[in-house]
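Trainee: Please take me closely through one part of this model, a place where two helices meet, and then set that part among its surroundings. I would like each term explained as you use it.

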Amino acid sequence: KRLILVGPPGSGKGTQSPIIKDEFCLCHLATGDMLRAAVAAKSPLGVKAKEAMEKGELVSDDLVVGIIDDALNKPSCQKGFILDGFPRTVVQAQKLDEMLEKRGVKVDKVLNFAIDDAILEERITGRWIHPSSGRTYHTKFAPPKVPGVDDVTGEPLIQRKDDTAAVLKSRLEAFHKQTEPVIDYYKKKGIVANLPAEKPPPEVTSEVKKVLS
Ligand code: AP5
Ligand code: ZN
Ligand code: ZN
């Protein structure tokens with residue numbers, strides 16, 4: 001299957017991705033994760049992306065389209081993929097159509113993580129991540145066994161620099177202005193499924209499975 005996950009910051013895209021990935025053997029391409037890795041490595045891409053990310057603004061379409069175009073060539077992505085956090089503008093959606101057309105495939109479903117803005121601040125400010133695996137925790141909703149420590153590796157957890165209430169405001173603004181039109185773009189193609197993203201993770205997972213079965 002070829003899937004797109006779309007939803008505001010904190011709506012649960014990164015939480016559901018590994019579960020969907022294991023169930024359907026897809027590759028998980030998260031532009032936010034790839035950009036954070038580039039920033040940490042201080043690569044040319046990271047240097048260009050850093051400022052916008054810290055302000056909660058979108059990085060330029062060209063940069064993210066380039067990384068997705070490369071990633072789609074990976075052998076592990078040939079049978080299917082989950083795009084998490086891409087496309088986020090209508091231009092990106094149009095470019096994706098071109099990239100897929102070139103490869104003779106198309107998007108099967110767009111999973112829309114529908115949720116009220118008011119719930120998101122608590123989710124974002126309580127999030128802790130294990131950077132190398134992408135595993136995500138929450139102080140209240142999904143606490144690690146030992147506070148501040150990854151369950152699997154025992155390595156320390158960190159908080160994302162953009163996970164503050166102030167930066168969340170800009171991220172939400174970017175979502176409503178630039179990304180909601182992407183949902184309409186796919187609604188016109190009739191491939192959008194709405195998920196009840198305000199529900200607990202297992203309920204969201206079972207809805208995902210229902211939609212994809
Ligand atoms: P990105 O990393 O994509 O961030 P985002 O879209 O803001 O999404 P998040 O990762 O914050 O939310 P999520 O939905 O994954 O939530 P999660 O599952 O972790 O992008 C970061 C930045 O990179 C952007 O601001 C931009 O600058 C740049 N960028 C990336 N892609 C781009 C693009 N295509 N174009 C341009 N720029 C781009 O959950 C959050 C928390 O809630 C966790 O703690 C989790 O445990 C908890 N939680 C999850 N689900 C539930 C639930 N059902 N109930 C209770 N708690 C839950
Ligand atoms: Zn995420
Ligand atoms: Zn809106």
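Mentor: The axes of H2 and H3 come within 8 Å and cross at roughly 110 degrees (helices, H or I, of at least four residues, and strands, E, of at least two, are DSSP runs numbered from the N terminus; axes are lines fitted to C-alpha atoms, for helices over the stretch in contact, and angles run from 0 to 180 degrees between N-to-C directions). The two helices are therefore roughly perpendicular to each other (65 to 115 degrees; under 35 counts as roughly parallel, over 145 as roughly antiparallel, and the rest as oblique). H2 passes H3 in a left-handed crossing (the near helix is turned anticlockwise from the far one by less than a right angle; clockwise would be right-handed). Leu35, Ala38 and Val39 of H2 make the contact with Leu45, Gly46, Ala49, Lys50 and Met53 of H3 (C-beta atoms, placed from the backbone, within 7 Å). By class, these residues divide into six nonpolar, one polar and one charged (Ala, Val, Leu, Ile, Met, Phe, Trp, Tyr, Cys and Pro count as nonpolar, Asp, Glu, Lys and Arg as charged, and the others, Gly among them, as polar).

This is a predicted model, in which local features need pLDDT of at least 70 and side-chain atom pairs count only at pLDDT 80 or more, while totals for chains, interfaces and linings use all residues. Residues are numbered from 1 along each chain as its sequence is written, and chains are lettered from A and ligands numbered from 1 in the order in which they are written.

The loop between H2 and H3 holds Lys42, whose phi is near 50 degrees, a positive value in a residue other than glycine. Both helices also take part in the surroundings of the ligand, for H2 (31-40) and H3 (44-55), together with H1 (13-24), strand E6 (135-138) and H8 (201-212), each supply at least two residues of the shell around ligand 1. Of the 34 residues around that ligand, Pro9, Gly14, Gly32, Gly85 and Arg127 come nearest (near meaning a C-beta atom, placed from the backbone, within 6 Å), and by class the shell has 14 nonpolar, 14 polar and six charged residues.

H1, another contributor to that shell, leads us to the sheet, since H1 lies across E1 (2-6), E2, E3 and E4 (109-114) and runs at about 175 degrees to E3. The sheet itself is open, with five strands in the order E2-E3-E1-E4-E7 and parallel pairing (strands pair if DSSP finds at least two bridges between them). E2 (27-30) and E7 (192-196) stand at the edges with a single partner strand each, so one side of each is left without a neighbour in the sheet. Neighbouring strands are turned by 20 degrees against each other on average, direction ignored.

At one edge, E2 is joined to E3 (residues 81-84) by four bridges, and Ala30 stands opposite Asp84 of E3. Further along, E1 and E4 pair over four bridges in the parallel sense, with Leu111 in E4 as the bridge partner of Leu5. E4 is in turn joined to E7 by five bridges, and there Leu111 has Ala193 as its bridge partner in E7.

The loop between E3 and H5 is the place of Pro87, and the peptide bond from Phe86 to Pro87 is cis, with omega near -5 degrees. H5 (residues 90-103) has its own helix partner, H4 (residues 61-71), for their axes come within 10 Å and cross at roughly 30 degrees, which makes H4 roughly parallel to H5. H4 passes H5 in a right-handed crossing.

Key
Two residues are in contact if their C-beta atoms, placed from the backbone, lie within 7 Å.
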